[in-house]
Amino acid sequence: MQRPPLVTTRRSILAVASASLAASAFPSIAQTLQKKDSATMEDPTTKYPKPPFEKQSQPFPGLASKMNPKPDHGETSYKGSGRLAGRKALITGGDSGMGRAAAIAYAREGADVAINYLPDEEPDAKEVIALIEKEGRKGVALPGDLRDQAFCEKLVEDAAKALGGLDILVNNAGRQQQAQAIEDITYEAFDATMKTNIYATFLLTKAALKHLKPGSVIIQTTSVQAYDPSEDLVDYAMTKAAVMNFTKSMAKQLGPKGIRVNGVAPGPIWTPLQVSGGATMEKLQKFGGDTPMGRPGQPAELASIYVQLADPQASYSTGQVYGAAGGSGQP
Ligand code: NAD
Ligand code: MG
């Protein structure tokens, strides 16, 4: 067999030399690419912790920083690409859980972000503000109780003032306290759930409309509970159905004004809400195990949905509810 002649040209020597130089001088680039390849192909069933989880409980509203394992809100993983450059967002419950994941993602996509939370959540909120500022974006901390009508109205004004306008409102804060029987739900508890989940959504949306120009968006966090309610989340599930419904009526009302209104319907997600009265200890230990993924979702896994719904490129999506529930509980 005739072998091809070995021709060593100046160009081929240079090519070999530069390739080996690249490999030795920039191993991190190669490693990063490799990592990116394997990240793309990551198995979602093994990507995050599975049950059984350790017993744990915190007083409401709970802190993400005290959970075991700590939730992933995308702190080290979310990468932006300017999808929300120059936008101004107010996110309620922005200290932890889905709101925190959205806050981090929005800042990395180029938005300035104001977050609301309860005063007890200051340690979580401080971390979020630091992460927003690390992106060179404005981070505004606006603590306060959303059950208070006057506070809701002031919150929107304070956010718009601090951000120099408002074009994204994320109604994400929520109260969930499980109760085995309707007799166990006191009037006060029922009232608190309604005020936090429904009244605040109504009041903040109404107040925000003064500031929202065509192209603005409103996003609600609803839940699989809107469609498939659990027997021990009666009052909470009612509110999530209401918020889902509000999303659809408001999309019709605001569509002609160029304002889009959408919702996110998470399944079981590993957040403080669940360890501060939202789930029984028994449910918590097995949390998410009954989904096809065999595990709960992490807030980081929903960040891109909040981004997508706010992205001006999704300009024809309104009145939609996007789910992320590990394969179960959808309408
Ligand atoms: P989370 O505890 O991290 O967030 C809820 C936030 O609501 C708290 O951080 C708190 O700041 C805020 N909040 C509660 N009461 C408030 C009040 N009176 N005033 C001001 N803020 C108040 O938990 P999360 O799971 O990320 O919750 C975010 C949203 O997701 C909620 O609307 C919740 O109903 C919804 N959701 C959660 C799950 C889940 O499994 N974790 C599933 C479906 C929907
Ligand atoms: Mg919180």
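## Packing of two helices

In this predicted model, helix α5, covering residues 149–163, packs with helix α6, covering residues 187–208, at an angle of about 40 degrees and with their axes 9 Å apart. Angles under 35 degrees would count as roughly parallel and those of 65 to 115 as roughly perpendicular, and α5 and α6 are therefore described as oblique to each other. The crossing that α5 and α6 make is right-handed.

A contact between a charge and a ring can be added here: K195 lies over the face of Y199, at a distance of 5.6 Å from the ring centre.

## The aromatic cluster

When the whole structure is searched, two aromatic pairs are found. One of them joins F53 and W270, whose rings are stacked, with 4.3 Å from centre to centre and 25 degrees between the planes. F53 belongs to the loop between α2 (27–40) and β1 (88–92), whereas W270 belongs to the loop between β6 (260–266) and α8 (272–278), so that this pair ties together parts of the protein that are 217 residues apart in sequence. F53 counts as buried, because its relative accessibility is 6%, and W270 likewise counts as buried, with a relative accessibility of 0%.

W270 also pairs with F287: the centres of these two rings are 6.2 Å apart and their planes are at 50 degrees, so the pair is classed as tilted. Since W270 lies in the loop between β6 and α8, and F287 in the loop between α9 (281–285) and α10 (303–310), the parts that this pair ties together are 17 residues apart in sequence. F287 is buried, its relative accessible area being 3%. Taken together, F53, W270 and F287 form one aromatic cluster.

## The magnesium site

The magnesium ion, ligand 2, has as its protein donors D95 through OD, S96 through OG and E121 through OE, and these donors lie 2.1 to 2.2 Å from the ion. Water is not among the atoms, so a site such as this one may look incomplete. Along the sequence, the donor residues of this magnesium ion follow the spacing D-S-x24-E.

D95 is buried, with a relative accessible area of 1%, and S96 is buried as well, with a relative accessible area of 10%. S96 is placed in the loop between β1 and α3 (97–108). Although S96 and E121 are 25 residues apart in sequence, the distance between their C-alpha atoms is 8.6 Å.

## Two cis peptide bonds

As a general background, most peptide bonds are trans. In this model, a cis peptide bond joins F60 and P61, with omega at about 5 degrees, and P61 is found in the loop between α2 and β1. A cis peptide bond also joins N68 and P69, where omega is about -5 degrees, and P69 lies in the loop between α2 and β1. The loop between α2 and β1 is also where F53, a member of the stacked aromatic pair with W270, is located.

Notes
Residues numbered from 1 in each chain as written. Chains lettered and ligands numbered in written order. Predicted model: local features only at pLDDT ≥ 70, side-chain atom pairs only at ≥ 80, totals over all residues. Heavy atoms only, no water. Phe/Tyr/Trp six-rings, centres within 6.5 Å; stacked < 30°, edge-to-face > 60°. Helix = DSSP H or I, 4+ residues; strand = E, 2+ residues; numbered from the N terminus. Buried < 20%, exposed > 50% of the residue type's maximum accessible area, 1.4 Å probe, protein only. Lys NZ or Arg CZ within 6 Å of the ring centre and 35° of its normal. Donors = N, O, S within 2.8 Å, 3.2 Å for Na, K, Ca; no water. Axes fitted to C-alpha atoms, helices over the stretch in contact; angles between N-to-C directions. Parallel < 35°, antiparallel > 145°, perpendicular 65-115°, else oblique. Left-handed = near helix turned anticlockwise from the far one by under 90°.
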